[in-house]
Amino acid sequence: MSFLDCLFTAFGSLRGNPLRSVLTALGIIIGVGAVIAMVAVGAGAEHRVQSVIQNLGTNILIVLNGTTTSGGRRQGYGTKPSLTEGDAKALRAEIASVEIAAPSVRGAGQLVAGNINWYTTIRGNDTDYFQARGWTIEKGRLQTPAESRAAAKVVILGHTVSDQLFPGQDPIGQIIRVQRVPFTVIGVFAAKGQTPGGTDQDDVVFVPLSTAKKRVLGGRQVRGDYLGSIIVQVRSAGEVAEAEAQVKELLRRRHRLQRGQADDFYVRNLAQILEARAESSRIMGILLAAVAGVSLIVGGIGIMNIMLVSVTERTAEIGLRMALGARSRDIMAQFVIEAVMLSVIGGIVGIALGIAGSAALAQAGDWPTLIETEAVVAAVVFSAAVGIFFGYYPARKASRLDPIIALRHE
């Protein structure tokens with residue numbers, strides 16, 4: 001028999017028992033659908049983390065103030081002012097791989113625009129900060145160097161703040177009060193979205209560094225030359241580790257720290273933190289796919305059971321075909337093709353259900369999902385492999401029947 005003859009014979013056999021064929025394929029349908037949906041959830045989570053990494057930058061270091069000890073209790077990072085504007089200039093001038101060392105201060109306060117108010121984060125920065133962190137202007141402009149030197153009362157709004165204070169309006173040129181100080185809105189940043197932890201990056205306003213220190217924010221961390229943090233952009237992601245070591249060495253020397261004395265600052269490598277988060281997402285996706293893959297194995301066992309039953313029921317038919325000249329390999333090919341057809345059809349239906357299920361998860365749970373072509377192809381190939389693997393034994397059993405004994409079977 002040719003391959004097409006075996007194919008048509010197998011198809012006719014499956015069509016003759018439609019309910020059994022559907023129930024047999026159900027395990028494959030559920031397995032493939034679950035794999036597609038779980039892989040889509042895992043890939044969506046990984047994609048979200050990777051997009052955040054790109055937003056924050058893979059070549060960014062954040063240098064924070066150190067900790068203080070009061071009454072035997074150690075406080076958190078940022079409680080001991082140690083970083084200065086001179087440190088930022090030195091990092092840029094003395095470390096070849098550092099492109100930007102942007103000084104920054106941070107606080108929080110109430111904003112008022114007309115009869116609307118909003119409590120948000122207030123950051124004092126120069127324009128280098130926006131370049132390092134990938135902030136882009138949607139409306140208006142950035143502050144000028146002259147405005148920064150003069151501690152001008154100009155402010156740039158994050159997208160969330162703009163929506164809250166000026167819903168449906170153009171905020172450019174409007175006056176708002178930041179901590180009771182009047183400021184002119186000169187720009188609005190394009191939306192950056194949330195971090196993996198759910199923090200809204202757009203719920204913030206930016207004023208010039210000198211303005212923040214002199215007119216808006218107070219406290220020990222922003223007095224005089226002190227800073228809240230320094231944002232360091234390294235020339236390339238491959239140089240981050242070396243640059244981190246050089247930053248620590250330079251700051252220890254500038255702060256006159258002796259050997260064995262603890263750092264009075266902290267360097268945070270964003271790429272390492274977020275890559276660890278991405279790796280966790282990848283591992284979770286693999287685990288989800290593995291759990292879902294178990295149902296594929298169960299579906300394959302179901303196919304083998306039904307095929308064994310089919311061989312028993314069709315023993316007389318097999319004996320008759322062999323008596324009329326069918327070879328053992330023809331019988332084996334027919335039963336293997338039946339198993340593969342069940343698996344592949346189940347795989348195709350399962351892919352459709354998996355795509356629909358992942359879309360439903362994304363809609364209902366506000367969770368990103370990403371259908372990858374590789375996962376779809378792998379699901380089809382794997383379902384076919386399941387059919388071959390679990391269909392081989394029943395097919396081999398059928399092909400080894402003795403025609404005379406088979407013909408006597410009732």
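1. Two strands are said to pair if DSSP finds at least two bridges between them, and strand E7 (residues 154-157) and strand E10 pair in the antiparallel sense over 2 bridges. Within that pairing, Ile156 has Phe206 of E10 as its bridge partner. The model under discussion is a predicted one, and the points below should be read with that in mind.

2. Strand E10 (residues 204-208) has a second pairing to consider, since strand E5 (residues 116-125) and E10 run in the parallel sense and share 5 bridges. Here Ile122 finds its bridge partner in Val205 of E10. E10 therefore has a parallel pairing with E5 and an antiparallel one with E7, by the criterion of at least two bridges. As for its surroundings, strand E10 is mostly covered, with 5 of its 5 residues buried.

3. Strand E11 (residues 229-234) is likewise described as mostly covered, and 6 of its 6 residues are buried. In a regular strand the side chains alternate between the two faces of the sheet. For E11, the residues on one side are Ser229, Ile231 and Gln233, those on the other are Ile230, Val232 and Val234, and both faces are covered. What are the partners of this strand? Strand E1 (residues 60-65) is joined to E11 by 5 bridges in an antiparallel arrangement, and Leu64 stands opposite Ser229 in E11. Strand E4 also runs antiparallel to E11, with 6 bridges joining the two, and Pro103 has Ile230 of E11 as its bridge partner.

4. Pro103 appears again in the second largest pocket, which has a volume of about 290 Å³. Which residues lie closest to the centre of this pocket? Of the 14 residues in its lining, they are Glu85, Lys89, Pro103, Asp126 and Leu209. Helix H3 (85-94), strand E4 (98-113) and helix H7 (209-216) are the elements that each give two or more residues to the lining of this pocket. Sorted by class, the lining of the second largest pocket consists of 7 charged, 5 nonpolar and 2 polar residues.

5. Helix H12 (residues 373-399) has 27 residues, and the distance from its first C-alpha to its last is 38 Å, close to the 39 Å expected at 1.5 Å a residue. Where in H12 does a kink lie? A kink of about 40° is found at Tyr392, shortly before the proline Pro394. The buried residues of H12 include Phe390, Gly391, Pro394 and Ala395, and among the others are Ala375, Ala379, Val386 and Ala398.

6. The loop between strand E8 (175-178) and strand E9 (181-189) deserves a look at its backbone, and Gln179 has its place there. Most residues other than glycine have a negative phi, and most peptide bonds are trans. Gln179 has a positive phi, near 55°, in a residue other than glycine. Arg180, which lies in the loop between E8 and E9, has a positive phi of about 75° although it is not a glycine. Are these residues buried or exposed? Gln179 is partly exposed because its relative accessible area is 32%, whereas Arg180 is exposed because its relative accessible area is 77%.

7. Three residues bring together parts of the chain that are separated in sequence. Ala151 has its place in the loop between helix H5 (145-149) and E7, and it counts as buried because its relative accessibility is 4%. The C-alpha atoms of Ala151 and Ser210 are separated by 5.0 Å, although these residues are 59 residues apart along the chain. Val39 lies in helix H2 (residues 18-56), and at 19% relative accessibility it counts as buried because the cut-off is under 20%. Val39 and Leu370 are 331 residues apart in sequence, and their C-alpha atoms are 8.0 Å apart in space. Ile351 has its place in helix H11 (residues 328-365) and is buried, with a relative accessible area of 11%. Its C-alpha atom and that of Val380 are separated by 8.2 Å, with the two positions 29 residues apart along the chain counted as their distance apart.

Definitions and conventions:
Residues are numbered from 1 along each chain as its sequence is written. This is a predicted model: local features need pLDDT of at least 70, side-chain atom pairs count only at pLDDT 80 or more; totals for chains, interfaces and linings use all residues. Side-chain values use heavy atoms; hydrogens and water are left out. Helices (H or I, at least four residues) and strands (E, at least two) are DSSP runs, numbered from the N terminus. The expected span of a helix is 1.5 Å times one less than its number of residues. The bend at a residue is the angle between axes fitted to the seven residues ending there and the seven starting there. Buried means under 20% relative accessible area, exposed over 50%, partly exposed in between (1.4 Å probe, protein chains only). On a 1 Å grid over the protein atoms alone, a cavity is a set of points where a 1.4 Å probe fits but cannot get out, and a pocket is an open set with protein on both sides within 12 Å along at least five of seven lines; lining residues have an atom within 4 Å of a point. Grid points are joined across faces, edges and corners, and a volume is the space filled by probe spheres set on the points. Ala, Val, Leu, Ile, Met, Phe, Trp, Tyr, Cys and Pro count as nonpolar, Asp, Glu, Lys and Arg as charged, and the others, Gly among them, as polar.
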